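Biologist: Could you take me through the salt bridges in this one? I'd like a close look at that part and nothing else.

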Amino acid sequence: MLKHLIIKEFKQLFRGGFIPKLLIFMPIAMIGILPFAANQEIKHLKVTIVDNDKSSVSEKLCEKVSASKYFTLTEVGSSHRQAIKSIEKGDVDLIVEIPDDFEKNLVKNGLGKVQISVNSVNGMKGMLANNYMNSIINEYANEMKEKYSTQQPSFHAQVFSIKPYYLFNPKLDYKIFMVPAIMVMLLTLMCGFLPALNIVGEKEKGTIEQINVTPVTRFAFILSKLIPYWIIGFVLFGFSMFLAWLFYGLTPVGSVFTMFIFVIAYIIAISGFGLVISNYAKTMSQAMFLIFFFMLVFILMSGLFTPVASMPQWAQYIAAANPLKYFIEVMRMIYLKGSGLSALITNLLAIITVAIVLNTWAIISYKKTN
Amino acid sequence: MLYGNDFNVIANVSKVIYKTKHINSQLSKEKQNNKTTMTNDDIIQVKDLTKQFGKFTAVNHITFNVKKGEIFGFLGANGAGKTTAMRMLCGLSYPTSGKGLVAGFDISKQQEMVKKNIGYMSQKFSLYEDLKVWENFSLFGGIYGMNRKEIKDRTDKMLKELNFENERNAMVSSLPLGWKQKLAFSLSIFHNPKIVFLDEPTGGVDPITRRQFWEMIYAAADRGITVFVTTHYMDESEYCDRVSIMVDGRIDALDTPQNLKNLYSAKDMYDVFLYLARTAKRS
């Protein structure tokens, strides 16, 4: 009985021509393009320098700022007021203002003041702009110190520097951080949401009624819907690992075997979620809305973009029920750090718990008779 | 009025069919004239069956029996509760109260056993459009546990009877509606069920196909399959051995078409139906 149902699903899946295309283009697009787009490094910040001093010292600072890859010098402003106007118009992200006796104070007292005004409508961007600019000015102050301290003993430009050493992703390449997480997204779409849409599609066409009036058991029907997507999910995962190697030279540091244990657990958990949705949605549009909603919650509360640990406590509780969170953590740890199963055991247990809860819920809420 | 024109077109055709069927059903009709009682011959036994959706009573204490091998017409206006009643008999919906036995199994407790013994053709066209004709047969044969050889033999036989041998590999979506309906019917009796439930099987189908469809129903009945059919075409109700008419969730009339016409001194079933349906309070 199950065999016939699975044959039917495969025929339907591949006959439309839609799924095979999706299988090829979705991973290429997501792995090839998204890591660049989801880059959180901010470059080409537009900066205005209001140089009231117009000395050789202030000129050097201007040069240093414009030489940085993070900043693009859009204009040399004439006054603070005019520069603020540019910020209001959105032409400029930050202003560096150099006071008129900058050189004099620096040489005489060893103390130079510079004002930085940042547009922080986008808080993240503003913070980064400020940090980048601070580090440039610090660096500049260091140079000045070396230059003047010999001739000017009282020179005490306050400078200290921290040289971080980054483990696991030494170049701080954001893409490498994103790729394993994007593989998780692919599996979520393919094994969680596609089967849900498939089942709701049968509801809408009325063919599910024809199945409900036969002796097909609930379990057989659900399995027949899931098994094809599980198989597709595996193939897709392998394909995206290949793409990660092809595009970024990225191979997992840890064991592929451990990773596949997690893939199995995760696929079962997320398809359980899809089933629950399909049992409550009566039409395709309802299902789509539910999926959009949960997709957003899942992504934003998964640590994909922002670390879960920096969320408020109540949000962390919600995130604790999010299977994506555990799997993204695991994928990054295996891919980048090479963690073994023993280090990941709490995540495995969490995913299995979510899988059991969702699938039990799915089987209970699927009714052949209502 | 809705069926007026259609009815006249069909009337002539129906007489032809009716005559051929008449001889077959003569015997059973004589039996039916006796008062209906629950016997072992009754393949469907329903007592006080009720379905409520909130405060709305869709099916209101209906009681009737259907005999083995009978063609039972289940009539009623739109919204009278036909489909709801039929869904309960098929084990798709729980009764709110009352009892029902279908093929000897309790419809409120043994739905899965009921489902093994019935065929069902729903109002919506319910074959898989994106599967080929033979694949649909193979799928449903497999679901009922038939083996590969049985499926193949039976598919060959059914396609031959339908004259669809050339369409074996056609995608169902490419067939015209009338053909699909005939296919859906063949599929609903593919596994030789004891009873087949047909929910408005001829809706939107042309007169010639409707006639062929009823020939198929007779052929199935001759093989001993009990046919439970809902329809809006009053000429079709004349082809049934017995007819029940639902009004506002109740069964207001149940007898042979001939007896009903005598009872209401009507010239045809169309008038009988109009007479009863006009008493409806629900619209």
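Modeller: Here is a walk through the charged pairs, chain by chain. Bear in mind that this is a predicted model, where local features need pLDDT of at least 70 and side-chain atom pairs count only at pLDDT 80 or more, while totals for chains, interfaces and linings use all residues. Side-chain values use heavy atoms, with hydrogens and water left out, residues are numbered from 1 along each chain as its sequence is written, and chains are lettered from A and ligands numbered from 1 in the order in which they are written. I call it a salt bridge when a side-chain nitrogen of Lys or Arg sits within 4 Å of a carboxyl oxygen of Asp or Glu, and that gives 25 over all chains.

In chain A, A:Glu139 pairs with A:Lys64 at 3.3 Å, N to O. That links helix α7 (residues 123-149), home of A:Glu139, to helix α4 (residues 56-67), home of A:Lys64, 75 residues apart; helices here are DSSP runs of H or I, at least four residues, strands are E runs of at least two, and both are numbered from the N terminus. Chain A also has a salt-bridge network joining A:Lys8, A:Glu9, A:Glu202 and A:Lys225.

Over in chain B, B:Lys180 and B:Glu129 meet at 3.3 Å, N to O. B:Lys180 lies in helix α6 (residues 177-188) and B:Glu129 in the loop between β6 (118-121) and α4 (133-143), so the bridge ties together parts 51 residues apart in sequence. B:Lys180 is buried at 12% relative accessibility, whereas B:Glu129 is partly exposed at 29% (buried is under 20% relative accessible area, exposed over 50%, partly exposed in between, with a 1.4 Å probe and protein chains only).
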